[in-house]
Each structure stands twice: as structure tokens, then as C-alpha cells.
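Me: Please take a close look at the sheet in this structure. I am new to it, so go step by step and include some of what lies beside it in sequence.

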Amino acid sequence: MNLSGIHQTIRDILGSSKHNGILSVLVQLISFVLLFNVTAAASGAVPAAVFTFGDSLVDTGNNNYVVTIAKSNFPPYGRDFPGGKPTGRFSNGRLFPDFIAETLGVKNLLPAYKDPTLQMKDLLTGVSFGSAGAGYDPLTSQQRGSITIKNQLEMYREYKSNITASEGKERAGNITSTSPHMILLGSNDMANQLSRSLYGIDTYTDILVGLALDVYKVRRSGLHSLNSIRSQELYGLGARRIGVVGAAPIGCVPRERVTGDGLLILERNCAEELNDAAKLFNSKLSTAVSSLNAELPGAKIVYFDIYSPALSLIQNPAPYGFEEVKRGCCATGNIELGILCVVPGTCPDASKYLFWDSVHPGEKATRIISDQTFGSSSLSSLLG
């Protein structure tokens, strides 16, 4: 059906009136949305599901069900989430998985895989396997009791087995092979001082890239001794559309601005050592990812740069209405996150703060960064 046909159908339903301006605008808006969805569905642009793996930027509640210090299923977290309830998201509202799924027209909220209330209809349109505190380095996850990326992949294996049993092998295979799998990891590893100091940043970023490649495919030769070759890599489990997201400018989060010494603390400057480490890691990761498409038949693997739009927003916040970028909204905004955010003093208007707590961006900043990193045109390069 074309636009004029949809337009007329809506008028027939609502009752036409050539002089009703409000109705005309409403019809045009509804027509546009319906036409977009019809066109997208016809072209195969809307994937069946969305899957995310990684750390707190994509954990929509999995850590609620594991023993870990990295939890946020209590107020003031979730203050601006639909219904005003804490869900385990490290934010006052929604996260990247929610906005990615919304952008793709799949659903507005991407649930956590470990949520025991999920039904098969929820699973079929995608879930998040992310865990706050996780990293590519197993030590990073172990320090916080988080779900390692290895175990996140095991959860995905279990997921695929479940939907195969319910829907059959063909449909399950179609869902996993055509839907985007987004991996957001690396920022926690950059802040992992023990590993960075043990190996040196150049060697450690090499190790992390090797660990990252283990997630996407089985490597035939080892570049490091931290991790053995794994058979449950994402490609082997049926994923063919894989989005690899680089590390964020972790040196500019409020916590890192006040944990240095000298002028770093007094002026709350970004910890450039951490940002330099993130940039080095991202450069190596991007180069490694670019070669994977030729090596993995039928795969489409795309690198997404989250560092640049995030840093740009931090450096130029005023046009977006942000008044504070060096402190978080919760408690004092200096070092608090997780359970420490229950301390009184949380700001009344989170939209003026780029960061919600001392590490995580608020919902408003997350949406802006998501639109710039995972917009429709960017995601189409992964799905096309």
C-alpha cells in the first residue's frame, strides 16, 4: 500500500474533515510511521531480534540474578525509567540496547536474558546478555563478580537451544543469522590498573584484541597466554551480523577525574593516560575487525566508534543542554556508583548532567551518543 492509500484508510477510520488541521497533522504522522514500517518490513530491513553482550552499558538487569557488587536494582537508579522503577540498568532510564532495538523497530526495551519472567515471545525478539563490570580480560570480570564474556556466550548457546526447541531449527537459525549482535566491551579493561601495570599498555592492548577475536571466531594461533582457544565463539554459534564497539573515553568519567593527583584532582581534568589506552586499543581492534569479513564466510562484522561521539559530547555539552560534565547526578557525583548512590544528594534534574553516576552517562546522553553511533544509517551497514 502506498502513502495515499494509507492516508485515505486512516481518514476513513477517524472520520475525514478537510478543515480539521489537527486531524490532518495526525493523519500525516501516522501515515509516515505506517509507511516506514511497511517499507522496512517489505525490504527486510527490520531484523527479527537484537542481541547485546558486554558490560554495564548493555546490562539491562542480568546482574540482578548473580552474586556481584555491580548492582543497580534499587533507587535512585531507574528514576526516569518507564514506571519510575529500578531495573538493574546503570542509569536513570534506558540504555544503549533499548535505543538500538527501538531504532531498528524491534521493540522499545531489550530485556535481560536472566529475567525469569521472560516468555518465549520476549526471547524471540532479542535479549541482552551483558553484565556490569565485565571485560574482555577475565580478570576484569572476576574482580567484580561479573558474568565473563565466556559465560555470556554460554548463555547465548543456551538461548539458541531454547528457541530451537520451541520454534524449530530453521526459524532459530534465521533469527540468529540475520539479527544484529552488538558487543560493547573494553572500557572496564582500560581502568583495570592491575593488568595494565603488569603488562604495559602496548602489550596489554594486544592481549585484549586477541581476547576480543576469541569472542568472534576461533583463532588458530595464540597471541597470549591468558586465554585458551574456545569453541563457543559467536560465529560458531550462528551469528552472522556482528557489531564490534570500541572502548569509551573512560578517562573523562567523573570517577577517573578525581582519582589522580595534583592538577588532575584540583581541576578535574580527564585522565589522559586512560584515554590514550582506549584510543590505542580501539585502533588495534578496528584493524583486526576489518580483516574478519574475508575470513568468515557469510559474516558481516562492523566496527562502531563510540569514543569520538562520546568525547565530542563531553567537550561540547552546552548545545545539548548539559550544564555539568565533571560530576554525576547521584549523591555527590564524584565517586559514587552502585550502592553508594543511595547516599542523599542526588540532583533534581538529571537532564542537566551528562553523567548519571560517577561512571555511567544518563539516559539523555546515552540517547544522544546512541543516535550518533548506532543511527539507522550506521546499523544498515551491519544489516545490509
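**A look at the sheet**

Reply: His181 has its bridge partner in strand 3: Ile242. This is a predicted model, where local features need pLDDT of at least 70, side-chain atom pairs count only at pLDDT 80 or more, and totals for chains, interfaces and linings use all residues. Numbering starts from 1 along each chain as its sequence is written, and side-chain values use heavy atoms, without hydrogens and water.

Strand 2 (residues 180-184) and strand 3 (residues 241-245) run parallel, joined by five bridges. Two strands pair if DSSP finds at least two bridges between them. Strands (E, at least two residues) and helices (H or I, at least four) are DSSP runs, numbered from the N terminus.

Now the whole sheet. It is open, has four strands in the order 1-2-3-4, and pairs in parallel. Strand 1 (51-54) and strand 4 (300-304) are the edges; each has a single partner strand, so one side of each lacks a neighbour in the sheet. From one strand to the next, the twist averages 20 degrees.

Next, two helices. Helix 6 (residues 149-167) packs with helix 7 (residues 169-178) at about 140 degrees, axes 7 Å apart. Axes are lines fitted to C-alpha atoms, for helices over the stretch in contact, and angles run from 0 to 180 degrees between N-to-C directions. Helix 6 and helix 7 are therefore oblique, since under 35 degrees is roughly parallel, over 145 roughly antiparallel, 65 to 115 roughly perpendicular, and the rest oblique.
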